Structures are given as structure tokens and as C-alpha cells.
Amino acid sequence: MSKKEKGIVYLVGAGPGDRDLLTLAAEKAIKSADVVVYDRLVSDEIMELIPADTKLINVGKNVGNHPVPQERISEILVEEAQKFKKVVRLKGGDPFLFGRGGEELQLLVSNGINFRVIPGITSSIGAATYGGIPVTHRDFCSSVHMITGIGKRGTDPNINFPALVELNGTLIFMMSVGSIDYISSGLLDAGMDPKMPCGVVENGTRSYQRKVISTLENLASDVKQNSIKSPALIIVGRVCSLSEDFDWFSKLPLIDKYILVTQPKSKASRLADLIRDAGGNPILYPVIETKYIKPINPPIDDFKVLAFTSSVGVESFFDDLIEKGKDARSLSDKIIIAVGSQTAAALKKFGVIADFVPSKFDGKTMIKEFAKSGKVTPEDGVLLLRAEKGSEETIVELENWGARYMDYPVYRTNYVEHDPLDMDNIDWITFTSKSCVFGLLSTQDKDMLKDKKALCIGRQTEDLASENGFKTYVSDEATIVSMLDKLIELSGGHDE
């Protein structure tokens, strides 16, 4: 077997946890891999980027607990490279900074395996930054030093503390929580000022990040008192005194909020991204999935008005239209109405500008306001292109208007089965449709959901959620952005 046939291994740094800190090269490699060999420090957000058909191998390890020995990890990379075209070895932080990436490459080299290395943002910089600590500053230090707090096989490292104290720079200790007594006493015994500012950042760059600012003499006791656990970064140096002024991350409005996103997987990422940008921790839990109905043959020639009540309906309709060799030009004599801005945006992607969008984004208001617009007569007809099981209120409004209409399904909604979720730590549940409410109820014990705070995209969804025991709130507008604004308004980064 030639070197080329053995495939290639990408040694990829996943960064400190925040998915947005992943490099473009890393994301590209992850999404195109045949197999991913990953560590425990790779965040769930980054793991969600891996395609469903990719083979996953978990080689995660904790301090003192190595279920897959390092030697075996290196062997796995060789074995998988010989079977697959592309192997990604995904490691937290940067693979060459205390990540043992060099050791893994040695076996690849000796076996003639092609490889690439994609650096990652190291937690020694990323976590410190998210804790408001610049690791260098001309007024405080002229150097920064990174030290591992673990020796071979879990022993204390052999650190030259007098030399570190003499450097008078910022000291960053990684993987060091278990060695905190050794580190703090070593620095004190070497003559470092007991009042030297120190900082500890746990789970850096993640919504549930915690930070403790202390002094060297109190560092060990503060770490234990606050039950700091790995992964955590210990920073020693005068730059830590800047943490309060430079702390931007903990001031984000949804920091430390766990928010359940129940939208279909294909739609959930936008809301999740907005939550993440506001400091929240989105839990992707799609309870429904939408499927285009095929084939469809909507009688568009028989109706003057085409009414769309969702972006999915738009996509399904135009997917079928294009498959038939047609495009938006075939609708030139139609009046197109959309239930809201998101549906209108979906139409625009297919070259169609909605002729009418109601002031309030729901089917009932759409028909009621459109009827008053005088654009058509009831006899001109409305073709309602929507889900297989849509809201009856829209139909009632069409009948009140006296319109000739047809309710034509272009997609269906199915519930997604899940194992029950631990709801105790969930601060908010988001519902973007009635189907999402029904979907969550189908996967969870209803009693466990009682009085949980639920933000809904519209009144109909809120009514259903309220009837089923949720403590409900509704966004000012039926848009994802408005839902985020309401979450921030109601949470503000603090408990109510």
C-alpha cells in the first residue's frame, strides 16, 4: 500500500471551547473527515459540526484516568489512516502546547502516514482573555510563560520556581488545579510577593465559565473554597489586577443561562448562534423535523393568490417547481403573500418579493388584513401552501371572508424521539411553533416541565404552552431576533 493510499491525518486544535474561536481550517477539516478521534475537552458545540455519518472515536481522558492510553491513541491514528482517506485528531486548545501532539506525530512519521497540523487557539490565551486578563501589558510585564502543572503519570512537575520568580513575567499554569498547593507554596518559598495578583478561569470561553481573582497567599484556599475543577487555568502576575476593568465576557446579558432550542435541526442554528453571541448556552434539542411532501401538484393556475405560512413551505414549493424545470417567472400573474418577515426572506431567495406581509405574523392576521387590502375579491381564490396539519384559525378567517380557497399541504412535521432530558438546569425553553410544544411534550414527563419558563414566538404557541403548564412569555414580534431581545429583557444575565 502506498503512502497516498494510507490516507492522511489532520492534527487539529479545537481551541478552548467557544465554537466561534475554531479556525476556518479546523472547521473545514472536521466537516470533511471520514473519522474523528476526539478528546473530552472538545466542546459539544464543536462536536455538533461533525456530520452524522462520520465515524467517532472517543479517547478522552482526565487527570489520572486514561481509559485509552496515549500509546494506543497513536496506534488508532495509524490504523484509521490505513482504512480511511481522512482522519481528524481533534484536541482541545492547541495540539502542540501540552497536547502531546508531537508524540502522536512520531508514530505517524515512522509508519509513513501523511499528516497536516492545524493550530488552535490555546486556552492559556483564550481563557485568560475571556476572564478579562491580558497576558501581557507593557506597564506590568515583558514576558509570559506557560507551565504544565502535571508531571509524568500524574506526579508533581519538576518546576524551577526561583527561575520563574526571577523572570518577573506572567505565569500561566495549565492542567494545574490538582497541583495548586505545590504551585502556590513553591512560588512563595521562592520569594514571590504574597500579595501578587492571581486569577483562575474554569471552563474558559464557555457560557458557564467561572472566574476567581485572588492573591498568591490565598490562591490555594480560594481554589478549594470555590470547588474549582478541571479544565481550569491559573494565572499569576500583576496583569490579573486588570481583570475587573477588562472583563467583558461575564457582562454579556445571557451569561450562564441554559436555553433549550426545540426548533428543527436545520433551523435551530440561527437562534442558537444569537444566544451564544449573547453569552448564553444553547442546548440544541430538535423535537420536530420537517419533510417535504413529494410529489406535489398544487393547482396554481386555479387561484390568483398564493399564501405561504412558513419558510419551509416556501422551500418545499420552489424545490418542486425547480425540479419541474420552472422558476419564479411562472408565477408572474400571481399575488404572493407571506405570513411574516422570515417567510418573505425565504421567498426573496427564489427571486420573489412578497406582495403582502401582515403587521402581525400569524396566519389569522395575514388573511384578515389581506382581505381588507382590496387587492383581490374572495372569488379570485387563495391557495394556502403550508404544513399538512396547519392552524384552523387561518381556515376560519378564509371562510369568514367568503374566499374560495384550497388548503394544500407541501410539507409535514414529524416528532423526533429523544431520551428524557434533565430539565433541572434549563433556565429557558424556546418554542417557535405549536408543533415544537407538542414535540417536547412527546419526549418528556409533563410533570417535569410544569412551571418551566418558556418563550414563545406567537400567541397561539403561547396559549398551547400555557395550557400545558409552562410559565409562558411571548416575543414582541414573531421573529428569531425578537425572541432573543425578549430573552435578554427577561433575563438580563441575572435570575429573576
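**Strand S14 and its surroundings**

Strand S14, spanning residues 305–308, sends Val305 and Ala307 to one side and Leu306 and Phe308 to the other, and all of these residues are buried. The model described here is a predicted one.

S14 has partners on which strands? On one hand, S14 runs parallel to strand S15 (residues 335–338), to which four bridges join it. Within this pairing, alanine 307 faces isoleucine 337 of S15. On the other hand, four bridges also link S14 with strand S16 (residues 382–387), again in the parallel sense. Here leucine 306 is the residue standing opposite leucine 383 of S16. The connection from S14 to S15 involves helix H11 (residues 311–323), and the three elements together make a right-handed β-α-β unit.

It helps to step back to the sheet as a whole. S14 belongs to an open sheet of five strands with mixed pairing, ordered S13-S17-S16-S14-S15. Strand S13 (288–292) and S15 each have a single partner strand, so they stand at the edges, and one side of each is left without a neighbour in the sheet. Ignoring direction, neighbouring strands of this sheet are turned against each other by 25° on average. At the S13 edge, the pairing with strand S17 (residues 405–415) is antiparallel and comprises five bridges. Glutamate 289 is found opposite asparagine 414 of S17 in this pair.

Helix H15 (residues 434–443) packs on the sheet, where it touches S13 and S17, and its direction makes about 30° with that of S17. Which residues of H15 are buried? They are Cys436, Val437, Gly439, Leu440, Leu441 and Thr443. These buried residues pack against S13 and S17, and also against strand S11 (258–261), strand S18 (428–431), helix H16 (446–449) and helix H17 (459–467). Another helix, H12 (residues 341–349), lies across S14 and S15 and runs at about 135° to S15.

A helix pair completes the description. Two packed helices are described by the angle between their axes and the distance between the axes. For helix H3 (residues 70–83) and helix H4 (residues 101–110), the angle is about 45° and the axes are 9 Å apart. H3 is therefore oblique to H4. The crossing of the two helices, H3 and H4, is right-handed. From H3, the contact draws on Gln70, Ile73, Ser74, Glu75, Leu77 and Val78, while H4 contributes Glu103, Glu104, Leu107 and Leu108.

Technical notes. Residues numbered from 1 in each chain as written. Predicted model: local features only at pLDDT ≥ 70, side-chain atom pairs only at ≥ 80, totals over all residues. Heavy atoms only, no water. Buried < 20%, exposed > 50% of the residue type's maximum accessible area, 1.4 Å probe, protein only. Pairing = 2+ DSSP bridges. Right-handed = clockwise from strand over helix to strand, strands pointing away. Axes fitted to C-alpha atoms, helices over the stretch in contact; angles between N-to-C directions. Contact = heavy atoms within 4.5 Å. Parallel < 35°, antiparallel > 145°, perpendicular 65-115°, else oblique. Left-handed = near helix turned anticlockwise from the far one by under 90°.
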